[in-house]
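Hi! Could you walk me through this model as if we were at the bench, one question at a time?

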Amino acid sequence: MKEAFELNAQQRAAATWEGGHVLVLAGAGTGKTRTIIARAAHLMTSGVDPARILLLTFTRRAAREMVQRLTQLTGQEKIPLMAGTFHHFCLYTMRRMPRDFGVQDATVIDRDDQVQLMKLVRGGYRKKGEQLPRASELVSLCSYARNTNQPVSEYLQQHTDFDEETIEKIRLMARDYERRKRLNRYLDYDDILFLFARRLHEDEALKSRIKGFYDHILVDEMQDTNPLQWLILDALRDPARLFCVGDDAQSIYAFRGADFRNVHAFTERVPDATVLRLEENYRSTQGILDLSNWLLDTSPLQYGKRLTAVRRTVSKPRLLDFENDFEEARWITGDLIERHEGGAAWSDHMIITRTGYGARSLESFMVEKKIPYRFIGGVSLLQAAHVKDLLGLIRACFNLRDELAWARYLTLWPRIGDATAARLIKELKTLYDIQDALKMLEKRLKGRRDVLEGITTVVETWNDPPATIMKAGHYLEPTLKTRYSNWKNRRRDFDLLARLAKRHRSLMAFLETYTLDPVSVTESQRLEEDDVVTLTTVHGAKGTEATVCYLIRVEPGMYPHMRSLGREDDEEEERRILYVAMTRARDELILTRSLRWGGARRSPYAASVTPDRQREAYFFRELDDDLVDSNYVYPEFDDFTDFDFIVPSRN
DNA sequence: GAAGCGTTATACTAT
DNA sequence: ATAACGCTTC
C-alpha cells in the first residue's frame with residue numbers, strides 16, 4: 001500500500017495514534033476528512049481487518065466519498081468496511097439480527113409520513129375550536145424529545161410555554177402515535193436509533209455480541225451527534241476504541257437534538273481519552289478566514305478558535321448589494337456563465353442558501369439560462385405528489401398494515417374518499433397476505449376492477465423493481481393525468497425512478513435506501529453528469545467545499561433567520577450556520593444580498609418580527625469594512641425593457 | 001354521510 | 001406547490 005497522502009504533524013499524530021480513545025478537535029478546512037481516511041488506512045496497514053472498522057458519518061454522501069478515497073489510496077478494489085450514517089448502521093445491524101430486534105419487515109417512513117400519521121392521531125384529540133399544535137410541530141417536539149432521550153412531558157415542561165393541560169394532551173398524542181406506528185409496522189427515523197440503543201442497554205449478552213464486531217469506531221461530525229447516538233457509541237466502546245472528530249463552532253443541528261456536550265464532556269465521560277487538535281487551515285485564503293474569525297469573535301461565547309491559512313493568497317471576500325433578489329440571481333447566473341466561458345468548470349462553483357425557499361428566484365434563473373445544477377436539499381424525489389401516489393400502491397402491496405400507503409392509493413380513485421378508505425383499511429389490518437386482501441377488496445368494491453388491477457400488476461412483477469415501477473406507472477397514468485396539470489413533466493419522474501431502481505434487488509430495499517438518503521429531483525436528473533453547479537442549503541454544504549462559493553441572500557431576517565429571534569441558543573446556532581457557510585470557500589467567497597425591504601418580505605413571521613428587530617440582530621450590522629470588498633451592482637440597462645408603453649415627459 | 005370542488009393559508013435547517 | 005378548510009353536490 002502507498003503511504004497515505006501528505007499529512008502535517010498534527011494530522012499524522014491523530015491518524016497514527018496508538019493509545020486509547022481519541023477526540024480530535026478539527027477546525028473548518030483543517031483536513032478532517034483526510035485525517036479520518038488516513039486513520040482508516042493506517043489501521044489497515046497495521047494489520048487491522050477492515051471489517052472490524054466502523055465508520056460513522058453524518059450523511060451517506062460523506063461515507064461514499066470517504067470509502068471511495070480510501071479505495072484509491074489503498075489501491076484495493078473493495079474494502080469490506082462498514083461505513084454509513086448512524087441510521088444506516090443501526091438499521092443494517094437490526095436487519096442482520098432479526099431474532100434480536102424483530103424489525104425485518106417494517107417499513108421505514110419519512111418526515112412526510114410521520115406528519116400524516118400524526119394528523120390521524122391529532123384528529124382524534126381535537127375538539128372543535130380548540131387550539132392544538134399542528135401535526136408537523138407535534139412531530140418535531142416528539143422527535144426532539146426522543147433524540148435527546150427524555151420523556152415528552154418532561155421536555156415540554158422544561159423547555160416550552162405550553163400549559164399543563166396541553167402538555168398532557170401532547171403526551172397522550174405522542175403515546176398514540178407510537179402505538180399507531182407499531183400497529184402499522186412503521187419505523188420512523190428516531191425509532192431506528194432508539195430501538196437499537198434500547199436493546200443494547202437492556203440486553204448485556206446482545207451488547208457483547210455487537211461489541212465484538214468492531215475494534216475501531218471512527219466518528220465524523222461529532223458535534224452534531226445527539227444523546228441517543230452517544231448512548232450507542234457508549235455501548236459499543238471498550239474494547240473498541242473511539243476516534244471522534246468534530247468542531248463545536250460548526251454545530252448546526254441543535255434543532256434536531258444534537259448536543260455538543262458529546263464534544264465538550266467527552267473527556268469526562270471517557271476518562272482515559274486523549275484530545276488532539278488540527279489547527280492549520282488548508283482550504284481557504286486568509287481573507288476568507290479573517291471574515292470567518294471576525295464572525296466568531298462577535299459571539300458572546302468563547303469558541304477559542306482562530307483559523308490561520310497555510311495558503312499565501314489573501315483575496316478578500318466580496319459583498320455585493322442588489323436592488324432585489326431577481327437582480328441578485330441575474331448577476332450570479334451571468335457571472336457563472338462568464339466564468340464557464342472563460343474555461344472554468346461548472347463544478348468549481350457552489351451556491352449556498354440559508355433556506356430552500358430563499359433560492360427560488362435563483363433557481364428560476366438557472367433553469368432559464370440553462371446552467372446545469374443539482375440542488376442538495378431541494379424537494380426530494382420521493383416526496384413529489386405523483387411519486388407518492390405511485391409508491392402508495394407499491395408500499396401497500398408490500399405491507400398490508402401500511403395505512404398511509406393504502407389511504408393514498410385507494411383515495412386516488414373516484415368515489416373513494418377518506419371515509420371509505422378508512423373502513424377498508426380497518427379490515428385490511430386484520431388480514432394476513434395480499435391474496436386475502438384482494439379477495440376482501442373484490443367483495444367490498446364490486447365492479448371496481450380499476451382499483452384491483454393495480455394491485456395485481458404490482459404483485460405479478462414483484463421481483464423486478466424497474467418493471468414494477470414502469471407497469472404501475474403506466475397503469476396509474478389515466479388517473480394521474482386528470483389530477484395533475486403538468487403531467488408530462490411528472491411522467492418523466494417515473495422513468496427516473498425506474499432507472500434508480502435498477503441498482504436494487506428489491507423494491508422495498510430501494511425505497512428504504514432513498515428514504516434514509518433522500519435524493520432531490522435535480523440530483524436524480526443529473527445522475528450521469530459530473531460537471532454541474534451545486535446549489536445547496538448551508539446544512540447540505542456541511543463537510544464540502546468549492547473553489548468559488550456564492551453565499552446568497554445574506555440579509556437581515558436570514559442571518560440570523562427570523563424564526564430564531566428571541567431565543568439565545570437558536571440565534572447563536574445561526575451564527576455557526578453562517579460560519580459553516582463562509583468556510584466552505586477555497587479561493588473566492590462572494591456574499592450577495594438585497595437590502596431593499598430591510599428584511600424578509602411577505603412571510604408570516606415578518607409581521608411578528610419587525611424589520612427593525614431583524615436588522616438589529618443582523619450579523620453584518622456592524623461589519624468591519626476592511627474585511628470585504630463591497631459594491632452596489634446597478635441593474636443593467638438592457639434589463640429595463642419590461643415597459644410596453646412610454647411615459648410622456650412633462651415639458 | 002361521503003365525495004368533490006374551489007378558495008385560502010403556508011413555506012428553516014433534515015437522518 | 002401543496003395542504004387545509006368550508007361549502008356544494010351526489
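**DNA contacts and a parallel sheet**

Me: How far from a sugar or linking oxygen of DNA strand B does a polar side-chain atom of Thr 85 lie?
Reply: First, this is a predicted model, where local features need pLDDT of at least 70, side-chain atom pairs count only at pLDDT 80 or more, and totals for chains, interfaces and linings use all residues; side-chain values use heavy atoms, leaving out hydrogens and water. Residues are numbered from 1 along each chain as its sequence is written, while chains are lettered from A and ligands numbered from 1 in the order in which they are written. A polar contact with DNA here is a pair of N or O atoms within 3.5 Å. For Thr 85, the distance is 3.5 Å.

Me: Which part of DNA strand B does a polar side-chain atom of Arg 111 approach, at 3.2 Å?
Reply: DNA strand B also meets the protein backbone: a polar backbone atom of Asp 418 is 3.4 Å from a phosphate oxygen. For the Arg 111 side chain, the partner is a base nitrogen.

Me: How many residues surround DNA strand B?
Reply: A residue counts as near if one of its heavy atoms lies within 4 Å of the strand. By class, there are 11 nonpolar, 10 polar (Gly counts as polar) and seven charged residues. The closest are Arg 354, Arg 415, Gly 417, Thr 420 and Arg 563, and the full count is 28.

Me: Which helix gives the most to the surface near DNA strand B?
Reply: Helices are DSSP runs of H or I with at least four residues, and strands are runs of E with at least two. Helix H29 (604–608) and helix H20 (418–428) each supply at least two residues. With four residues, the top contributor is H20.

Me: Which residue places a side-chain N or O atom 2.7 Å from a phosphate oxygen of DNA strand C?
Reply: The residues around DNA strand C are Lys 119, Arg 126, Ala 385 and Arg 490. Sugar and phosphate make up 100% of the atoms of DNA strand C within 4 Å of the protein. The residue asked for is Arg 490.

Me: Which strands are at the edges of the six-stranded sheet?
Reply: Strands pair if DSSP finds at least two bridges between them. This open sheet pairs in parallel in the order E3-E2-E6-E7-E1-E8. The edge strands, each pairing on one side only, are E3 (82–85) and E8 (274–278).

Me: Which residue in E8 stands opposite Val 24?
Reply: Strand E1 (residues 22–26) and E8 pair in the parallel sense over five bridges. Opposite Val 24 stands Leu 276.

Definitions and conventions:
A polar contact is a pair of N or O atoms within 3.5 Å; within protein, one must be able to donate a hydrogen and the other to accept it, and residues adjacent in sequence count only if both atoms are side-chain atoms.
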